Amino acid sequence: MTTARHTRQLAAVLEVVGDADDHPTAEDVYTRVRCRLPRVSLGTVYRNLQKLVAQQRLRVVQLPHRAARYDSMLQPHDHFLCERCGTLTDWVREDRPQLDSSALDQAGYLVHAHSLTLYGVCPDCRAAAPHRGVGRDRRRHR
Ligand SMILES: [Zn+2]
Ligand SMILES: [Zn+2]
């Protein structure tokens, strides 16, 4: 495999995530990159995503029990996750508060960053089924 091909694959992965507004998973990125570079493999896409995260050109949003999502917005921001459709939305605030981590500081922890995720139902899902419950209610009826 040539260096030029490596560079093209890396650039395609970066562009796909940069163009996306849905915080794609690695599989989503793979599907989209494959439209441009049909011979790319999922493993290559994974490696390029990891490289771009390590180079701080992309961020990764890791949510419990869900596939990692990739994010091209580099400024610190938070997210809203729709529990029905899985849509992850940026929650950007001009006055994003710093959390008080003094208790951790005093205990010797070094805090680099914080990231909040709010959970609920997005406007589209609310419009589609306004009275359907989420979370605990939904599980109880299963
Ligand atoms: Zn939704
Ligand atoms: Zn984001």
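## Two zinc sites and the contacts around them

Cys-122 is buried, with a relative accessible area of 9%, where buried means under 20%, exposed over 50% and partly exposed in between, as computed with a 1.4 Å probe over protein chains only. The model is predicted, so local features need pLDDT of at least 70 and side-chain atom pairs pLDDT 80 or more, whereas totals for chains, interfaces and linings use all residues. Residues are numbered from 1 along each chain as its sequence is written, chains are lettered from A and ligands numbered from 1 in the order in which they are written, and side-chain values use heavy atoms, without hydrogens or water.

Cys-122 belongs to the site of the zinc ion (ligand 1), whose protein donors are Cys-82, Cys-85, Cys-122 and Cys-125, each through its SG atom, at 2.2 to 2.3 Å. Donors here are N, O and S atoms within 2.8 Å of the metal (3.2 Å for Na, K and Ca), and because water is not among the atoms, sites may look incomplete. The four donor atoms make angles of 105 to 118° with one another, and the site of the zinc ion (ligand 1) is tetrahedral, a term that requires four donors with all angles between 85 and 135 degrees. For comparison, the ideal angle for four tetrahedral donors is 109.5 degrees. Along the chain, the donor residues of this zinc ion follow the spacing C-x2-C-x36-C-x2-C. Cys-85 sits in the loop between strand E3 (78-82) and E4, while Cys-122 sits in the loop between strand E5 (117-120) and helix H5 (123-128), so this pair ties together parts that are 37 residues apart in sequence. The helices (H or I, at least four residues) and strands (E, at least two) are DSSP runs, numbered from the N terminus. In contrast to the buried Cys-122, Cys-85 is partly exposed, at 41% relative accessible area.

The zinc ion (ligand 2) is coordinated by the NE2 atoms of His-23, His-77 and His-79 and by OD atoms of Asp-71 and Asp-90, at 1.9 to 2.3 Å. Read in sequence, the donor residues of the zinc ion (ligand 2) are spaced H-x47-D-x5-H-x1-H-x10-D. Distant parts of the chain are linked by the pair His-23, in the loop between helix H1 (3-19) and helix H2 (26-36), and Asp-71, in strand E2 (residues 69-71), which are 48 residues apart. His-23 is buried at 5% relative accessible area, and Asp-71 is likewise buried, at 4%. The backbone of His-23 deserves a look as well, since its phi is near 50°, a positive value in a residue other than glycine.

A positive phi, near 65°, also occurs at His-65, which is found in the loop between strand E1 (59-61) and E2. Whereas His-23 is buried, His-65 counts as exposed, with 85% relative accessibility.

The loop that carries His-23 also takes part in the contacts between charged side chains. The whole structure contains five salt bridges, each being a side-chain nitrogen of Lys or Arg within 4 Å of a carboxyl oxygen of Asp or Glu. One of them joins Asp-22 and Arg-32, at 2.7 Å from N to O; Asp-22 lies in the loop between H1 and H2 and Arg-32 in helix H2, so the pair ties together parts that are ten residues apart in sequence. Asp-22 is partly exposed at 29% relative accessibility, and Arg-32 is partly exposed at 30%.

Helices H1 and H2 are also connected through Arg-36, since Glu-15, Asp-19 and Arg-36 are linked in a network of salt bridges. Glu-15 and Arg-36 approach to 2.7 Å between their closest N and O atoms; Glu-15 lies in helix H1 and Arg-36 in helix H2, so the pair ties together parts 21 residues apart in sequence. The side chains of Asp-19 and Arg-36 meet at 3.7 Å, N to O, and this pair, too, links helix H1 with helix H2, across 17 residues. Glu-15 is partly exposed at 44% relative accessible area and Arg-36 at 39%, while Asp-19, at 60%, counts as exposed.

Two further features concern cysteine and the chain's spatial reach. The structure holds zero disulfides, a disulfide being a pair of cysteine sulfur atoms within 2.5 Å, and Cys-35 is exposed, with a relative accessible area of 67%. Ala-127, found in helix H5 and exposed at 64% relative accessible area, is 19 residues from Gly-108 in sequence and 47 Å from Gly-108 in space, C-alpha to C-alpha.

Technical notes
Tetrahedral: all angles 85-135°; square planar, octahedral: opposite > 155°, others 65-115°.
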